[in-house]
Amino acid sequence: MMGFAGQLSLGHALYVGVGGYTAGAIFYHWGIGPWAGLWVAMALCVALGVIIGFLAFRFASRACTFALLTIAFAEFTRIGFDHLDWTGGPGGLFLKVAQRDTWDVANFRGPPLMYYYTILFLTAAALALCTWL
């Protein structure tokens with residue numbers, strides 16, 4: 001949990017939640033596919049990371065205060081999502097999962113085995129990138 005910089009971050013749920021809700025809400029409301037929504041979600045998460053990083057550097061957060069800052073932002077965002085109708089409020093969004101015989105990776109629709117192999121490939125690519133870095 002210390003990351004590459006050695007700072008304890010407890011706000012991982014912030015980035016996972018914002019990324020997931022962004023890609024899901026773009027698909028749910030506007031019908032834009034998940035791969036295009038992924039880029040918007042990453043850009044939004046980078047913007048949030050810049051804001052949190054700016055505050056951490058501005059107030060010289062160290063160890064415990066950085067951990068508290070990250071978990072506080074994650075909790076504020078969770079409370080905010082509970083009151084946003086665009087994200088479905090506390091009930092969240094319901095995205096239909098179509099059980100199809102064909103693998104439609106472009107629209108991320110298909111049988112459960114397709115999801116397994118897609119996540120396996122993305123995990124291997126992330127590990128390769130981390131090793132390279």
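## Exercises: rings, charges and a core

Tyr116 has a relative accessibility of 47%, so this residue counts as partly exposed (buried is under 20% relative accessible area, exposed over 50%, partly exposed in between, with a 1.4 Å probe and protein chains only). The model is predicted, so local features need pLDDT of at least 70 and side-chain atom pairs pLDDT 80 or more, while totals for chains, interfaces and linings use all residues. Residues are numbered from 1 along each chain as its sequence is written, and side-chain values use heavy atoms, without hydrogens and water.

**Exercise 1.** Find how the rings of Trp30 and Trp86 are arranged, and which parts the pair ties together.

*Solution.* Start with the search of the whole structure, which gives four aromatic pairs (ring centres within 6.5 Å, using the six-membered ring of Trp; planes under 30 degrees apart are stacked, over 60 edge-to-face, the rest tilted). For Trp30 and Trp86 the centres are 5.6 Å apart and the planes stand at 50°, so the pair is tilted. Next, place the partners: Trp30 is in helix 1 and Trp86 in the loop between helix 3 and helix 4 (112-132), so parts 56 residues apart in sequence are tied together (helices are DSSP runs of H or I, at least four residues, numbered from the N terminus). Finally, check accessibility: Trp30 is exposed at 57%, and Trp86 is partly exposed at 37%.

**Exercise 2.** Work out which residues the salt bridges join into one network.

*Solution.* First, count: there are two salt bridges (a side-chain nitrogen of Lys or Arg within 4 Å of a carboxyl oxygen of Asp or Glu). In one, the closest N and O atoms of Arg78 and Glu75 are 2.5 Å apart; these residues sit three apart in helix 3, about one turn. Then take Asp82, whose side chain meets that of Arg78 at 3.2 Å, N to O. Shared partners thus join Glu75, Arg78 and Asp82 into one network. As for accessibility, Arg78 is partly exposed at 43%, as are Glu75 at 36% and Asp82 at 29%.

**Exercise 3.** Identify the helix that gives the largest share of the largest nonpolar core.

*Solution.* Begin with the members: Leu14, Val18, Cys45, Ile52, Ala56, Phe66, Leu69, Ala74 and Phe81, nine residues in all (buried Ala, Val, Leu, Ile, Met, Phe, Trp, Tyr and Cys joined through side-chain atoms within 4.5 Å). Two or more residues each come from helix 1 (12-30), helix 2 (34-58) and helix 3 (63-82). The answer is helix 3, with four residues.
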